[in-house]
Amino acid sequence: MQDRNEYKQRVLISEKQIRESVQVMGQRIAADYGEEPLTIIGCLKGSFIFMADLVRAIPRSLHIDFIEVSSYGNDLSSSGNVRIVKDFKHPVQDSHVLIVEDIVDTGLTFDFLFEHIQLKKPASLEIAALLVRSTVDLQKRPVKYHGFTIGEEFVVGYGLDAAGLYRNLDHVAVFEQ
Ligand code: IMP
């Protein structure tokens, strides 16, 4: 069995840095949406830990749902093809919707989710991502809430995987085989 110590680990973002950033983001989201109805949709699988921490940092009632999409398969690079593995169920018409993603990389998932959820006519639609690559054009793809900007390195941990592994790390590390 492959062990989580079998790769060289370079911590990129520590558990403490993540915790602080998520708290700040949660407070901002709470302040921005006030008492308006809010549905938070986590994009699986990569967002599951971020999602769990973020919703607990938003001190108000909200609906929570998940969508699972796939674009990577078991590879380290995107197939360029986003497809729905499991759709969300909660009706979002006239509710504000916040999508939660682990990382906006090429932005293809961002585009896909935006288009897919916009069809359900939410009152508003925004994205919160833990990580955004520096190559993302934020004018074209406005990620309203994001924790950290990273470069081109492939990262694992805090929900992000390499071939299904390392999601359970409590920090974000650069994946070096
Ligand atoms: P995008 O559609 O290219 O923006 O990629 C979105 C998905 O690719 C993310 O939700 C991640 O699951 C995955 N991804 C992109 N970069 C990384 C990485 O460095 N490590 C792990 N997964 C990644």
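Biologist: How far apart do the centres of the positive and the negative side chains of the protein lie?

Modeller: This is a predicted model, in which local features need pLDDT of at least 70 and side-chain atom pairs count only at pLDDT 80 or more, while totals for chains, interfaces and linings use all residues. Residues are numbered from 1 along each chain as its sequence is written, and side-chain values use heavy atoms, with hydrogens and water left out. Lys and Arg count as positive and Asp and Glu as negative, His and the chain ends being left uncounted; each charge is placed at NZ of Lys, CZ of Arg, CG of Asp or CD of Glu. The protein has 19 positive and 25 negative side chains, and the distance between the centres of the two sets is 2 Å.

Biologist: In what order do the helices and strands of the protein run from the N terminus?

Modeller: Helices (H or I, at least four residues) and strands (E, at least two) are DSSP runs, numbered from the N terminus. The protein has three helices and nine strands. Their order is β-α-β-α-β-β-β-α-β-β-β-β.

Biologist: What radius of gyration does the protein have?

Modeller: The radius is taken over C-alpha atoms, and the globule rule is 2.2 Å times the number of residues to the power 0.38. For 177 residues the rule gives 16 Å, and the protein comes close to that, so it is as compact as a globular protein of that length. Its own radius of gyration is 16 Å.

Biologist: What share of the residues in the protein is buried?

Modeller: Buried means under 20% relative accessible area, exposed over 50%, and partly exposed in between (1.4 Å probe, protein chains only). Among the 177 residues of the protein, the buried share is 45%.

Biologist: Which strands form the edges of the open sheet of three strands?

Modeller: Two strands pair if DSSP finds at least two bridges between them. The sheet has the order E1-E9-E8, with antiparallel pairing. Each edge strand pairs on one side only, and these strands are E1 and E8.

Biologist: How many bridges join strand E1 to E9?

Modeller: Strand E1 covers residues 8-13 and runs antiparallel to E9. One of the pairs matches Gln9 with Phe175 in E9. The number of bridges joining E1 to E9 is five.

Biologist: Which residue in E9 is the bridge partner of Val156?

Modeller: Strand E8 (residues 155-156) pairs with E9 in the antiparallel sense over two bridges. Val155 stands opposite Val174 in E9. For Val156, the partner in E9 is Ala173.

Biologist: How many of the residues of strand E9 are buried?

Modeller: Strand E9 spans residues 172-176 and is mostly covered. Of its five residues, the number buried is four.

Biologist: Is Tyr158 buried or exposed?

Modeller: Tyr158 is found in the loop between E8 and E9, and its phi is positive, about 50°, although it is not a glycine. Most residues other than glycine have a negative phi. At 5% relative accessibility, Tyr158 counts as buried.

Biologist: Is Lys121 buried or exposed?

Modeller: Lys121 is found in the loop between helix H3 (108-118) and strand E6 (124-133). Phi of Lys121 is also positive, near 55°. At 54% relative accessibility, Lys121 counts as exposed.

Biologist: Which residue does a cis peptide bond join to Leu44?

Modeller: Most peptide bonds are trans. Here omega is about 0°, and the partner residue is found in the loop between strand E2 (38-44) and helix H2 (48-56). The residue joined to Leu44 is Lys45.
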